[in-house]
Amino acid sequence: MYIPPAFKEDRIDVLHAAIRAAGPATLVSMTPEGLFASHAPLLLDPAPAPYGTLIGHLAKANPHARLADQSVQTLVIFHGPNSYITPSYYAAKQEHGKVVPTWNYVAIHAYGTLEMFDDPAALLDVVTRLTEHHEQPRAQPWAVSDAPDGFVQGMLRGIVGIRLPIARLEGKVKMSQNRPATDHAGVIAGLRQDGQDMVAEAVIAATGG
């Protein structure tokens, strides 16, 4: 990933927090048929240090798990807050007009060799942990144990577990750091006005407000 110095993020705790807050990840693997991509929610286990391990599952019918070349690394992409940035946000637009649109975004790339497993106990653990992670904010969280055990066991037979020990981790946080300080306030205010509060908060975090 191309990362200009102003946008480079290499603090592992920050990258881990962004991964946990992200939605489904994009897995890209080399296969005998060329590149193959799948989309799936993944858990981050912090062990082993320093980068941790990504864990999740794919449908057993998905050829990704069967065809992924384990002699080369798989790329896993996580996307964070992002938004179009109009030149109208910038104070510089009024000063000299030499401004153009851009896009603010957070992107994290994790690299490692994809491993597969089909042990029922391990699959149940992954499904349970994923469910607990995403149900936790709800007032009345649903649990895997709410479904009949026979039904759950049948569903587990239709998936394959995936594990990716992270060998390399890189992050890009492009949040107007390259703009003059006079433009930061305009970007933050404009994003809030346009309902992009999450991106506005990311700009504040990246630029100091």
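Okay, let's start with helix H6, where Asp183, His184, Val187, Ile188, Gly190 and Leu191 are buried. Keep in mind throughout that this is a predicted model. H6 covers residues 181-193, so to speak a 13-residue helix, and from its first C-alpha to its last it reaches 19 Å, close to the 18 Å expected at 1.5 Å a residue. A general reminder while you look at that buried set: an α-helix has 3.6 residues a turn, so residues three or four places apart point the same way. Just after H6 you'll find Gly195, with a positive phi of about 80°.

Staying in that neighbourhood of the sequence, there's a salt bridge between the side chains of Arg192 and Asp197, at 3.8 Å from N to O. Glu201 comes in as well: salt bridges with shared partners join Arg192, Asp197 and Glu201 into one network. How exposed are the two residues of that pair? Asp197 is partly exposed at 41% relative accessible area, and Arg192 also counts as partly exposed, at 35%.

Now over to the strands. S10, residues 168-174, is largely enclosed by the rest of the structure, because six of its seven residues are buried. Which strands does S10 pair with? One of them is S7, residues 102-112, antiparallel, over seven bridges. In that pairing, Ala107 has Lys172 of S10 as its bridge partner. Another is S1, again in the antiparallel sense, over two bridges.

S1 is where Glu9 sits, in a strand made of residues 8-9. Across from Glu9, in S10, is Gly171. Glu9 is also in contact with Val14, Leu15 and Val173, if we skip neighbours within four places in sequence. So is Glu9 buried or exposed? Its relative accessible area is 10%, and the cut-off for buried is under 20%, so Glu9 counts as buried. And this buried acid has a charged partner: Glu9 forms a salt bridge with Arg11, the closest N and O atoms being 2.7 Å apart. Arg11, at 48% relative accessibility, counts as partly exposed.

A search of the whole structure finds eight salt bridges, and here's another one I like. Glu115 and Arg163 meet through their side chains at 3.6 Å, N to O. That pair links distant parts of the chain, with Glu115 in S8 and Arg163 in S9, 48 residues apart. Glu115 is partly exposed at 31%, and Arg163 is partly exposed at 29%.

S8, residues 115-117, also holds Phe117. Phe117 is buried, with a relative accessible area of 11%. Its contacts beyond four places in sequence include Ile55, Gly56, Leu123, Val160, Ile162 and Arg163. Its C-alpha lies 9.5 Å from that of Ala65, 52 residues away along the chain.

Last stop, the nonpolar packing. The largest nonpolar core has 22 residues, and Leu42, Leu54, Val76 and Phe78 have the most contacts inside it. H1, S2, S5, S6, S7 and S9 each supply at least two residues of this core, and the largest share, three residues, comes from S9. What does Phe78 touch? Leaving out residues up to four places away, its list includes Ile19, Ala25, Leu42, Leu54, Val106 and Ile108. There's also a second, separate core of 14 residues, which includes Tyr89, Val106, Ile188 and Ala200. And Ile188 takes us back to where we started, since it is one of the buried residues of H6.

Technical notes:
Residues numbered from 1 in each chain as written. Predicted model: local features only at pLDDT ≥ 70, side-chain atom pairs only at ≥ 80, totals over all residues. Heavy atoms only, no water. Helix = DSSP H or I, 4+ residues; strand = E, 2+ residues; numbered from the N terminus. Contact = heavy atoms within 4.5 Å. Buried < 20%, exposed > 50% of the residue type's maximum accessible area, 1.4 Å probe, protein only. Pairing = 2+ DSSP bridges. Core = buried A, V, L, I, M, F, W, Y, C linked by side-chain atoms within 4.5 Å. Expected span 1.5 Å × (residues − 1). Salt bridge = Lys/Arg side-chain N within 4 Å of Asp/Glu carboxyl O.
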